[in-house]
Amino acid sequence: MTDLPTQFLPWDGLYNLRDLGGYSTTDGRITRSGILFRSEAFFRLSAESREDLFQSLHLTTIIDLRSQQERQDQGFVETSDGQRLLHLPLLDVSLGSDLDRAQPDYLAKVYRAILISQPHSLREAISTIVNPDNWPLLFHCAAGKDRTGIVAMLTLSLAHVPNDLIAADYALTEHALRGVLASNDPELDPVSWRDLPQSVIGSTPATALATLEFIDENYGSVGDYLVELGLDRGDLERFKYAFTAPDRPR
């Protein structure tokens, strides 16, 4: 993992564990490190390794975006005293079932469907993330790509990270999946990535940019979208300043 960008955090058994800190914002600030983390699921970790990870990150809250079936297939997260676990499924199996997986805009269409059809889970996830009482916090799905990617897009946009950097963060998952696909170990690949077309397993900047553009065109901004879901605009604004700090001149 030595060649991966600095947002990646090395941990044996994880390929897509990242810190959302270190991103410059449009108003001269920078997102704080050690506060919000994104990841894939922890099915490759022993219980001891998982506990060590949570302790090393000082986690207070873990948000699991997987379905109940995925949790049964891949395993549940065990938390320690003082840690809060929220299960907020973010993908109905029927979403995207009528779309052509071979089309390059397949994922962008699925993401739009999630934004429209999953208001409860998105509202609860973001309302938890923006509350500093829940920090440090980690959110994850199975591969840390799609559902985790959407939540990361919304979170970074609230912090006024520019869209090109948000898209770059989303695209980093391709680095992570290279490790899984190169392993040739079926134990590392329970979601069968090798059997899926590139239009499904990819994470191109264009997909993230199309998702953010959809929000802007239909709701005005990410903040407006989340207010429509029921979040308080003042809480969103306070989050921006709590999660960022003045950027130092380079």
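This report describes the overall make-up, the strand pairing and the nonpolar cores of a predicted model.

## Overall make-up

The protein is built from eleven helices and seven strands, and buried residues make up 50% of its 250 residues. Its accessible surface comes to about 11,300 Å², and carbon and sulfur atoms account for 49% of that surface. Among the contacts with a separation of 6 or more, 71% join residues that stand 24 or more positions apart.

## Strand 3 and its partners

Strand 3 covers residues 36–39, and its residues point in two directions: Leu-36 and Arg-38 one way, Phe-37 and Ser-39 the other way, with all of them buried. Strand 3 pairs with strand 1 (residues 18–19) in the antiparallel sense over two bridges, and here Phe-37 is the bridge partner of Asp-19.

With strand 6, strand 3 pairs in the parallel sense over four bridges, and in this pairing Leu-137 is the bridge partner of Leu-36.

## The nonpolar cores

The largest nonpolar core holds 52 residues, of which Leu-122 and Leu-226 touch the most other members. Several elements each supply at least two residues of this core, including helix 3 (106–117), helix 4 (119–129), strand 6 (137–140) and helix 10 (222–229), while helix 5 gives the most, with seven residues.

Leaving aside residues up to four places away in sequence, Leu-226 touches Ile-126, Leu-154, Leu-158, Leu-231 and Leu-236. Apart from the largest core lies another one, of twelve residues, and among them are Phe-37, Leu-53, Phe-54 and Ile-62. Phe-37 therefore appears twice in this account, as a member of this other core and as the bridge partner of Asp-19.

Definitions and conventions. Residues are numbered from 1 along each chain as its sequence is written. This is a predicted model: local features need pLDDT of at least 70, side-chain atom pairs count only at pLDDT 80 or more; totals for chains, interfaces and linings use all residues. Side-chain values use heavy atoms; hydrogens and water are left out. A nonpolar core is a set of buried Ala, Val, Leu, Ile, Met, Phe, Trp, Tyr and Cys residues joined through side-chain atoms within 4.5 Å. Buried means under 20% relative accessible area, exposed over 50%, partly exposed in between (1.4 Å probe, protein chains only). Contact means heavy atoms within 4.5 Å. Accessible areas come from the Shrake-Rupley method with a 1.4 Å probe; for residues, only the protein chains shown count as cover. Two strands pair if DSSP finds at least two bridges between them.
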